[in-house]
Amino acid sequence: MENKDNINSEIDATLNSLDRIGRAEVSPYFYTRLEAKLQQRKLSVFDNFLQQVLNRPAVAVSMLTVFLVLNIIAIRGVSAVSNVSAARSSSPLQNFATEYNMNTASMYNNSGR
Amino acid sequence: MVEEHLVEALKTRQQSAFRQLVEQYQHMVFNTALSMIHNHEEAEDIAQEVFIQVYESVQKFKGESKLSTWIYRITVTKVLDWQRHKQRKKRFAIITSLFGANNEVERDVPDFVHPGVLMENKERSAVLFKALNKLPENQRVAFVLNKVEGQNYQDVADIMGVSVGAVESYMHRAKQNLRKLLETYYYTDK
C-alpha cells in the first residue's frame, strides 16, 4: 500500500517535472547558417527550374528554332550590308570626292556667304 | 517593429526584417521542435526549414491569426512530417534488414534531457519525455505546446486548428495515457 502511494507520488512528481521549464536556445550561429542555407536553396531552385524547363522537348525545339531564325536573319543582314558596300565601291572616284568633301564648286561656298 | 510592419517588410523581402523575425522567434521554434524530436542537431535543421518556409510563403500570410500562431503551425507541421518520414525510414530499414540488406536500423534516442528543465527535475523529465513520445500526435502536440511552451488552451486551439474543447480533450487523454505509461514504468521497468 505504502509502495503504491510512493509510486503515485512519483508519477505526480514526474508529470509536474516540466513546471517552470525554461526555453532551450539555438546556437549563436543559427542566423548565419540559416542565411547560407537560404542562399544555397535559392541557387538550387534556379538551377532546378532551368533544368526542368530545358528538359522539355517543346521548349528545346522552339529554342532551337528561334536560334536558327535569328542566325538566318543575321546572315541575311550581313550579306545585304556587303551588297550595299560593294555597290558603293563600284565608283571609287565618287567615294574619294565624298570623303574629302570635293563636291563643292568652290572653297568659298563653305564659308556660308 | 509592430507585427504588421514586420510582415509588410518581410513581404518586400527586406533582409533586416527577416533577421528581426528570426531573432524574435528562433528560440520559440527551436524549443518546440526540440521538445518533440529530442535531438539538438535535427531540431536546429527543422528550425531552419521553418524560417525558410516563412520566408518563401510570407506572401500568403493574410494576418488572420497572430504571426506567432502561424509560425507555430509551420513548426508543428514540419516536426510531424519529419517524424513520419523517420518512422517510414525505420520501418523500411527493418523490412530490408529482414531480407539481408545492409541497412542499419536506427536506434531510438537515449534519454533526452531538456536544457531548460530545473536541475532537480532532470531525471524525472527524461522519463516523461520518453513517455511523451508514445502518445498519439494530437495529444503530444497539445501537451508540448501547453506544458513546455506555456501556451494557453485558446492559443493551442488556434495553432492546431481545432476547438478549445478538443484541446481540453487532448490534454485530458494525454495526462491519462502518460499516467498509465508512467505506472508501467515505475511498477515494472524500475
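**Exercise 1. Describe the secondary structure and extent of chain B.**

Solution. Count the elements: chain B has 8 helices and 0 strands. Helices (H or I, at least four residues) and strands (E, at least two) are DSSP runs, numbered from the N terminus. Next, read along the sequence: the pattern of chain B is α-α-α-α-α-α-α-α. Then take the box along the principal axes: the C-alpha atoms of chain B fill roughly 55 × 40 × 35 Å.

This is a predicted model, in which local features need pLDDT of at least 70 and side-chain atom pairs count only at pLDDT 80 or more, while totals for chains, interfaces and linings use all residues. Residues are numbered from 1 along each chain as its sequence is written, chains are lettered from A and ligands numbered from 1 in the order in which they are written, and side-chain values use heavy atoms, with hydrogens and water left out.

**Exercise 2. Work out how H1(B) packs on H2(B).**

Solution. Start with the axes. Helix H1 (residues 3–11) of chain B and helix H2 (residues 15–37) of chain B cross at roughly 130°, and their axes come within 8 Å. Axes are lines fitted to C-alpha atoms, for helices over the stretch in contact, and angles run from 0 to 180 degrees between N-to-C directions. That angle makes H1(B) oblique to H2(B). The classes are: under 35 degrees roughly parallel, over 145 roughly antiparallel, 65 to 115 roughly perpendicular, the rest oblique.

Now the hand: H1(B) passes H2(B) in a left-handed crossing. A crossing is left-handed if the near helix is turned anticlockwise from the far one by less than a right angle, and right-handed if clockwise.

Last, the residues. B:Glu3, B:Leu6, B:Ala9 and B:Leu10 in H1(B) meet residues of H2(B) including B:Phe18, B:Leu21 and B:Tyr25. Contact means heavy atoms within 4.5 Å. By class, the contact of H1(B) with H2(B) has 7 nonpolar, 2 polar and 1 charged residues. Ala, Val, Leu, Ile, Met, Phe, Trp, Tyr, Cys and Pro count as nonpolar, Asp, Glu, Lys and Arg as charged, and the others, Gly among them, as polar.

**Exercise 3. Do the same for H2(B) and H3(B).**

Solution. The axes of H2(B) and H3(B) come within 8 Å and cross at roughly 135°. That makes H2(B) oblique to H3(B). The crossing is right-handed. Among the contact residues are B:Phe18, B:Leu21 and B:Tyr25 of H2(B), and B:Ala47, B:Phe51 and B:Tyr55 of H3(B). The residues of this contact divide into 16 nonpolar, 2 polar and 2 charged.

**Exercise 4. Follow H3(B) across to chain A.**

Solution. Helix H2 (residues 30–55) of chain A packs on helix H3 (residues 40–57) of chain B at about 55°, with the axes 10 Å apart. That makes H2(A) oblique to H3(B). The crossing is right-handed. The residues that meet include A:Phe30, A:Leu34 and A:Lys37 in H2(A), with B:Ala47, B:Glu49, B:Phe51 and B:Tyr55 in H3(B). By class, this contact has 7 nonpolar, 1 polar and 8 charged residues.

**Exercise 5. Size the interface and find its salt bridges.**

Solution. Chain A and chain B bury about 3,500 Å² between them, 63% of it on carbon and sulfur atoms. Buried area is the accessible area (1.4 Å probe) that two parts lose on being put together, summed over both. The contact takes 29 residues from chain A and 42 residues from chain B.

A salt bridge is a side-chain nitrogen of Lys or Arg within 4 Å of a carboxyl oxygen of Asp or Glu. The interface has 6 salt bridges, and the count over all chains is 12. B:Glu49 and A:Lys37 form one through their side chains (3.3 Å, N to O). The side chains of A:Arg23 and B:Glu149 also meet in a salt bridge (2.6 Å, N to O). A:Arg23 lies in the loop between helix H1 (2–15) and H2 of chain A, and B:Glu149 in the loop between helix H6 (137–148) and helix H7 (153–160) of chain B, so the pair joins two chains.
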